[in-house]
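Please look over the sequence and the model shown here before reading on. The paragraphs below go from a sheet to a pair of domains and then to a pair of chains.

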There are 2 protein chains.
Amino acid sequence: MEKIIKYDCQFMSAEKVGSFGFKKQELAKLGKKLATINKKIEKLKNNPDLSFRKLPYDNLLVNLLGKLNVILKKNFKNLVIVGIGASDLGARAIIRTLAGRYNNQLKTKGLNIYFAGNTTDPRVLDDLLKILDLKKTAFFIVSRSGSTIEPMVSFLYFRKKVIGAVGQKKAQKHFIISTLPNKNPLSDIAQKEGYLNLAHYPGGGRYSVLSANGLLSAMACGFDIKKLLAGARVIDKISKSNNLKVNSPFIFAALQYLAYKKRKQNISVLMPYNYYLNEFAFWFRQLWAESLGKERLGITPIAALGPTDQHSQLQLYIEGPHDKIITFIIAEKYKHDLSVPKTNNKEMAYLGGHSFNQILKIEHKATSVSLMKSQRPNGTIYLPELNEYYLGQLFFFFEMAAVYLGELLGINVFNQPGVEHSKKYMYGLLGRKGFEKEAREIKKFL
Amino acid sequence: MEKIIKYDCQFMSAEKVGSFGFKKQELAKLGKKLATINKKIEKLKNNPDLSFRKLPYDNLLVNLLGKLNVILKKNFKNLVIVGIGASDLGARAIIRTLAGRYNNQLKTKGLNIYFAGNTTDPRVLDDLLKILDLKKTAFFIVSRSGSTIEPMVSFLYFRKKVIGAVGQKKAQKHFIISTLPNKNPLSDIAQKEGYLNLAHYPGGGRYSVLSANGLLSAMACGFDIKKLLAGARVIDKISKSNNLKVNSPFIFAALQYLAYKKRKQNISVLMPYNYYLNEFAFWFRQLWAESLGKERLGITPIAALGPTDQHSQLQLYIEGPHDKIITFIIAEKYKHDLSVPKTNNKEMAYLGGHSFNQILKIEHKATSVSLMKSQRPNGTIYLPELNEYYLGQLFFFFEMAAVYLGELLGINVFNQPGVEHSKKYMYGLLGRKGFEKEAREIKKFL
């Protein structure tokens with residue numbers, strides 16, 4: 001039987017943390033809504049917003065990316081992902097989790113992966129261009145709208161440099177695009193210049209990690225994207241269940257809802273213990289903030305990291321206000337391990353012989369129990385292993401949980417109306433036609 | 001005259017953001033406490049906790065580090081900082097801000113700097129050891145107590161590897177220690193093996209960035225630590241003033257206090273717009289959480305990043321609950337710049353010719369104004385430039401603000417009693433003598 005990631009929520013309960021935890025009857029009551037919610041979601045399955053549920057079944061895309069990957073490997077040494085927000089965070093989470101931090105300096109089978117376009121800080125581009133051999137570098141430009149300022153200016157800059165290095169004609173194969181196939185600046189440029197446009201997934205960016213946006217770099221870096229998708233399918237399947245004992249993404253959502261609505265816990269911390277899941281927590285942070293933060297509602301997500309933040313945030317989590325809930329993630333099996341050398345120092349002798357992985361697990365357990373003892377609700381997601389398959393499960397687990405949480409809160413998780421105003425101010429200040437009014441308005445404050 | 005970083009708090013005020021902002025009379029009332037607080041702090045100046053105020057004047061340390069740096073440069077190519085929490089975050093903030101992300105791949109005058117010891121994840125050590133030439137690598141082991149588990153196990157592991165690579169005798173010069181000079185495991189080992197112990201700053205780690213803990217790596221990486229200290233002295237000077245118009249760290253603390261106490265805004269976001277200040281925000285995050293999170297009080301700090309998080313967190317900040325205040329940091333002069341190439345694409349033509357740095361500033365301004373228009377209090381710290389001098393100011397600004405905020409809240413900012421319990425559980429599970437009771441207690445939950 002397929003193994004499934006497990007959400008252990010016993011330390012979230014009133015039994016363990018008193019009035020700061022959920023009551024069984026509260027959860028049971030919410031559970032009665034599950035069938036209705038699942039029915040509603042099922043009806044919307046052809047809505048672009050919910051089409052992320054089809055991504056794990058997209059064999060055509062897998063085949064296309066496989067062919068593309070052969071070409072990339074033949075021609076290039078580096079792949080630079082140029083995107084911001086969702087166009088960056090998903091790929092970053094996959095690469096960091098599976099390839100680690102020093103991937104580009106270690107000898108790996110796949111391409112070196114770099115990230116740019118998530119800022120307009122000139123120094124970041126400048127530094128990156130100093131270390132890249134442009135002749136050996138492909139760029140993946142990701143912008144759903146095809147007009148997002150940050151990746152567009154980076155793209156225009158990189159393109160000029162690549163043309164300078166290899167000439168206009170050869171530059172063509174250096175750029176791969178992911179933008180909606182309808183008319184927009186990026187798709188226009190792609191068509192005119194002959195760049196391959198993979199056609200952005202029709203739904204919103206923050207549910208696009210298992211589309212080409214996340215999969216292209218995963219494959220280019222040497223990972224098995226079929227396993228990522230197979231993992232996601234497992235969670236898709238359990239999410240179709242109306243049984244609370246099976247549908248763990250719903251349980252997760254329900255406990256976030258109860259903490260926020262019933263106990264005013266307005267902060268939700270995600271704290272993986274495997275170091276290289278740190279970027280995963282940043283992917284979660286966007287999913288939670290943009291999906292749920294609207295109409296004066298919203299749980300503020302925090303990306304933390306264990307055991308690192310035991311020496312930074314734990315003091316606050318244990319003795320600060322009762323305003324947060326915490327979710328840990330840890331792999332039960334971890335293929336990496338080392339052993340602490342024995343030492344003659346008497347006080348440190350107890351450490352000798354322990355495995356690092358064992359210590360990691362002990363740190364998680366000690367933190368979780370001591371939080372519980374201080375009546376701080378916390379839960380843990382256990383991964384059987386840290387690999388493509390369970391990472392795929394993890395992504396889909398949180399995506400489904402976000403959808404459920406939106407339904408419970410009565411919020412549309414797929415839009416982000418709040419950021420339009422600041423974009424218009426930017427257009428105004430940058431002299432874009434049609435935004436003269438906004439330009440006048442903001443200039444009062446300069 | 002010396003330039004000073006500027007804290008602009010107009011968008012924090014009730015005038016601009018209505019009932020979610022501070023009232024002038026509230027601030028004036030708190031201001032009356034400043035003289036008393038300053039007097040109290042002045043009296044405690046010889047207390048180890050407050051001795052961080054002496055660090056910017058420590059010329060002996062500067063001279064010692066200068067000599068040490070000559071030896072490091074002569075013998076090594078890499079320096080690995082082995083610490084967790086405060087022993088890691090300060091150095092990391094300096095190196096990232098000044099040297100950027102690709103420092104170790106670019107040709108620089110100084111040593112390559114790596115960080116380890118802030119986790120017990122075996123993969124991190126494993127990866128790092130694969131890319132380091134140990135013969136050319138020195139290690140700086142930082143642990144105030146000399147017994148912190150994470151850096152100690154990393155240290156024991158690295159030491160074994162270095163001895164394996166260069167032999168017991170030569171290994172001696174590969175290790176530099178920073179621990180309290182009294183009897184503890186790390187100082188014992190240092191003494192026995194002949195490692196140089198720089199003697200940890202007597203106060204708490206999170207106020208130690210301008211001691212050897214932060215300065216050694218800054219100097220080894222080629223930066224001017226005298227300028228860092230000169231910057232800190234400027235803020236030390238203005239903090240001695242009881243004039244609200246001069247003492248900006250107090251203003252900052254007072255507005256954090258008022259938001260938290262009067263308006264239940266329990267979240268404080270720090271969002272630099274210069275990309276490489278991202279690790280600085282993580283240094284701040286520890287300072288705020290550990291200093292202030294106790295006795296069921298505490299403001300939860302969030303490390304954010306502009307413009308990156310405009311596409312991740314801004315939706316929540318603008319349309320979510322009124323539960324947070326935001327502080328931006330941006331450099332007014334930035335020595336790096338690039339220009340956006342002109343494009344034939346009509347819709348994107350407005351971007352051509354703009355400088356990246358100008359766009360960065362426009363993004364900050366548009367975000368700040370649109371938050372204000374949505375009645376979201378936000379302030380901005382303007383740095384005249386991003387260099388050692390103003391970074392030194394920035395560190396000291398927040399350290400003094402934390403002290404003031406602790407005084408206003410009636411909290412001792414220098415202890416962290418909350419993390420002791422989980423440490424004891426760990427000791428118990430790791431089989432350390434004297435912790436059998438804790439072992440029994442936690443084993444019930446395994």
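What follows is a walk through a predicted model, beginning inside chain A and ending where chain A touches chain B.

A convenient place to start is the sheet of chain A, in which five strands pair in the parallel sense and form an open sheet in the order S3-S2-S4-S5-S6. Its edges are strand S3, residues 112-116, and strand S6, residues 196-197, each of which pairs on one side only. Further in, strand S2 of chain A (residues 78-82) is joined to strand S4 of chain A (residues 137-142) by five bridges, again in the parallel sense, and within this pairing Val80(A) stands opposite Phe139(A) of S4(A). Helix H10 of chain A, residues 212-220, lies across S2, S3, S4 and strand S5 (175-178), and runs at about 165 degrees to S4(A).

The next level is that of domains. The domain assignment of chain A gives domain 1 as 6-41 + 227-417 and domain 2 as 49-226, and the contact between them takes 37 residues from domain 1 of chain A and 32 residues from domain 2 of chain A. The centres of these two domains, taken over C-alpha atoms, are separated by 29 Å. Between them the two domains bury about 3,200 Å², with 62% of this area on carbon and sulfur atoms. On the side of domain 1 of chain A, the residues that lose the most area to domain 2 are Leu229(A), Tyr276(A) and Phe414(A), which together account for 24% of what that side buries.

Polar groups also take part in this interface of chain A, where 20 residue pairs are found in polar contact across domain 1 and domain 2. The elements of domain 1 of chain A that give two or more residues to the side touching domain 2 are helix H11 (225-239), helix H13 (278-292) and helix H16 (388-409), and H13(A) supplies the largest share, nine residues. Three salt bridges are found across the interface of the two domains.

Finally, the view widens to the two chains, where 133 residues of chain A are in contact with 133 residues of chain B. The area buried between chain A and chain B is about 11,500 Å², and carbon and sulfur atoms give 63% of it. How many salt bridges are found across the interface of chain A and chain B? There are four, and Glu441(A) forms a salt bridge with Lys373(B), with the closest N and O atoms 3.6 Å apart. Across the interface of these chains 47 residue pairs are in polar contact, while helix H15 of chain A (residues 356-373) gives the most to the side of chain A that touches chain B, with 13 residues.

Notes:
Residues numbered from 1 in each chain as written. Chains lettered and ligands numbered in written order. Predicted model: local features only at pLDDT ≥ 70, side-chain atom pairs only at ≥ 80, totals over all residues. Heavy atoms only, no water. Pairing = 2+ DSSP bridges. Helix = DSSP H or I, 4+ residues; strand = E, 2+ residues; numbered from the N terminus. Contact = heavy atoms within 4.5 Å. Axes fitted to C-alpha atoms, helices over the stretch in contact; angles between N-to-C directions. Domains from an automatic or database assignment. Buried area = accessible area lost by both parts, 1.4 Å probe. Salt bridge = Lys/Arg side-chain N within 4 Å of Asp/Glu carboxyl O. Polar contact = N/O pair within 3.5 Å; in protein donor to acceptor, adjacent residues only side chain to side chain.
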